Amino acid sequence: MSGLMAGMFVAILAGTVVANALPRIIADLGAGQSSYTWVVTAELLAMTATVPLWGKLADLYNQKLLLQLSLGMFVIGSLLAGFSHEVGLLIFSRVVQGIGAGGLTALAQVVMAAIIPPRRLGKYAGIFGAVFAVGTVAGPLIGGLMVDTSWLGWRWCFFIGVPFALLAIVLLQRTLKLPTVRREVKIDYLGAFLIVAGVCALLIWVSLAGNQFDWLSWQTAALTGGGVVLLAAAVYVESRVAEPIIPLDIFRNRTVTLTTIASLLVGVAMFGGTVFLSQYFQISLGKSATVAGLMSLPMIMGLLVSSTVAGQLISKTGKWKIYLVAGAALMTVGLGLLSTIGADTHFWVLSVYMAVLGVGVGLLMQNLVLAAQNDVPAAELGAATSVLSFFRSMGGTIGTSVLGAILANRVAAEITKSLEESGVPAGTGQAAGHGVPDMTTLPEPMRVIVEHAYGVATADLFLVATPFALLALIVVPFIKEKPLKTTSGMERLAEESGGTAGAPAPLAGAVTKTGTETPATRDS
């Protein structure tokens, strides 16, 4: 579990650690605004698009070897990024990092389901949810500290994950024992290409629309049209091949379908809403990058505590649906409360609002994966897990892009309105909200106007994100609560294949194939 958690941590860190360091990186490499966008987008594209592929490979090949391969790719990408002296190599290295991170995101949860029965999986899923939270929210803080520390610098934003990845490889080699299931393998190369190409086209559109080109433009028509055609072709191919990358019949399972929809909505609400908090802290509240990272701690702690406690209670009682419903409700309330903030909101009020949101996400996010893994055949564990991760990541990408465009337009409109009320002609690029302003260079009257504009605009983002959380609250109660299985994925796979060859002995506390209890189960 330590090796899996270290791998998950570096996967999350890869996407978040550069948030506060990017302005310095781009300036040092002499690149422009388009490069700024692609340094972020390249990693996200590669990670999101390859998650289903890694999940399918996990159902076909040795999962331990795949996990170590993805860690190796992450190490190579991180070293290339850290030693980059021009932006082209940096963007390429981010793609390599993203492919490795995609494998880690999917495989860590697949391997966990393979070795631990769902009934005992709750407490471990809670710990993984906490690791996810720490990596997501603490990444920008770590990046800010690296940039602000003169004897380190931005290159250590990439180097810092390497020791964790190497440690994970060693720990997994020494401790993880998985049988190799040998069977005839047919890789659906055409389906894989169509899925990756279609997803990339749509992700490029939502990442660049509103920044590099207008939402209503020929680029939008080309990317959305091309993406839809490619994905339609992928569905046709996947419905006819023997070993599809994403088995379409998996969506006949009601639990998988509903948890997938909920994961998409969680991605939009959580990532789309919270990614702009750091900018709000720095611009509207006037805090430094490091302090902005520290101000996110209430959300981290809320997520950390709720995911860990809920996991322990699920493992103890076997009941999980109540935590999904409570999590969706608290996430909706938290986003609604954050929609009331402004430039003059006290930090203790913000802390309460962020903690409510963190508790809700902690109860919901990992337990959606648990519900899906409990309700699919062991042979489809990889596909089901990766589908949920894929749609959550897609939701986050869409939410971040769309809400970012809303933020830019809202800031510009609010600044223009304030200037007109003051009798000053609305004008210049930064002042009108068309770029992120350097608050230290603005005169006092203008600084007050910009702080107010970002406060109002950030509140509006949470107001827009709240209905997505509300939709998740509507979807989650329709997930049918089923008893958590007491055998691991490997044991279930052996049962489904009609034999026990290569399967390990039942874990302590598991129910054997004959239905009798082991002493640990009886005692508990």
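Serine 70 is buried, at a relative accessible area of 0%. That is in a predicted model, as is everything I show today. The residue sits in helix H4, which covers residues 63–82. If you leave out residues up to four places away in sequence, serine 70 touches Trp54, Gly100, Gly103, Leu104 and Leu107.

Now the chain as a whole. It has 20 helices and zero strands. Of its 524 residues, 56% count as buried. The accessible surface comes to about 21300 Å², and carbon and sulfur atoms account for 67% of that. As for contacts, take those between residues at least 6 apart in sequence: 81% of them join residues at least 24 apart.

Next, one helix pair, H15 and H16. Helix H15 is residues 321–338, and its axis comes within 7 Å of the axis of H16. How do H15 and H16 run relative to each other? The axes cross at roughly 150 degrees, and the cut-off for roughly antiparallel is over 145. H15 and H16 are therefore roughly antiparallel. Their crossing is left-handed. On the H15 side, the residues making the contact include Tyr323, Gly327, Met331, Val333, Gly334 and Leu338. On the H16 side they include Leu350, Tyr353, Met354, Gly360, Leu364 and Asn367.

On to the charged pairs. Side chains of opposite charge can pair when their charged atoms come close. How many salt bridges does a search of the whole structure find? The number is four. I will go through three of these pairs.

Start with lysine 482 and aspartate 375. They form a salt bridge, with the closest N and O atoms 3.0 Å apart. This pair links distant parts of the chain, the two residues being 107 apart. Lysine 482 is in the loop between helix H18 (444–475) and helix H19 (489–496). Aspartate 375 is in the loop between helix H16 (347–374) and helix H17 (381–421). Are the two ends of this bridge buried or exposed? Lysine 482 is partly exposed, with a relative accessible area of 31%. Aspartate 375 counts as buried, because its relative accessibility is 15% and the limit is under 20%.

The other two pairs both involve arginine 410. One partner is glutamate 414, where the closest N and O atoms are 2.7 Å apart. Why are these two placed to meet? Both are in helix H17, four residues apart, so about one helical turn separates them. Glutamate 414 counts as buried at 7% relative accessibility, while arginine 410 is partly exposed at 28%.

The second partner of arginine 410 is aspartate 460, and here the closest N and O atoms are 2.4 Å apart. Aspartate 460 lies in helix H18 and arginine 410 in helix H17, so this salt bridge ties together parts that are 50 residues apart in sequence. Aspartate 460 is partly exposed, with a relative accessible area of 21%. Through the shared partner, Arg410, Glu414 and Asp460 are joined into one network.

To recap the charged pairs: lysine 482 and aspartate 375 bridge two loops, whereas the network of Arg410, Glu414 and Asp460 involves helices H17 and H18.

Conventions: Residues are numbered from 1 along each chain as its sequence is written. This is a predicted model: local features need pLDDT of at least 70, side-chain atom pairs count only at pLDDT 80 or more; totals for chains, interfaces and linings use all residues. Side-chain values use heavy atoms; hydrogens and water are left out. Buried means under 20% relative accessible area, exposed over 50%, partly exposed in between (1.4 Å probe, protein chains only). Contact means heavy atoms within 4.5 Å. Accessible areas come from the Shrake-Rupley method with a 1.4 Å probe; for residues, only the protein chains shown count as cover. A salt bridge is a side-chain nitrogen of Lys or Arg within 4 Å of a carboxyl oxygen of Asp or Glu. Axes are lines fitted to C-alpha atoms, for helices over the stretch in contact, and angles run from 0 to 180 degrees between N-to-C directions. Angles under 35 degrees count as roughly parallel, over 145 as roughly antiparallel, 65 to 115 as roughly perpendicular and the rest as oblique. A crossing is left-handed if the near helix is turned anticlockwise from the far one by less than a right angle, and right-handed if clockwise.
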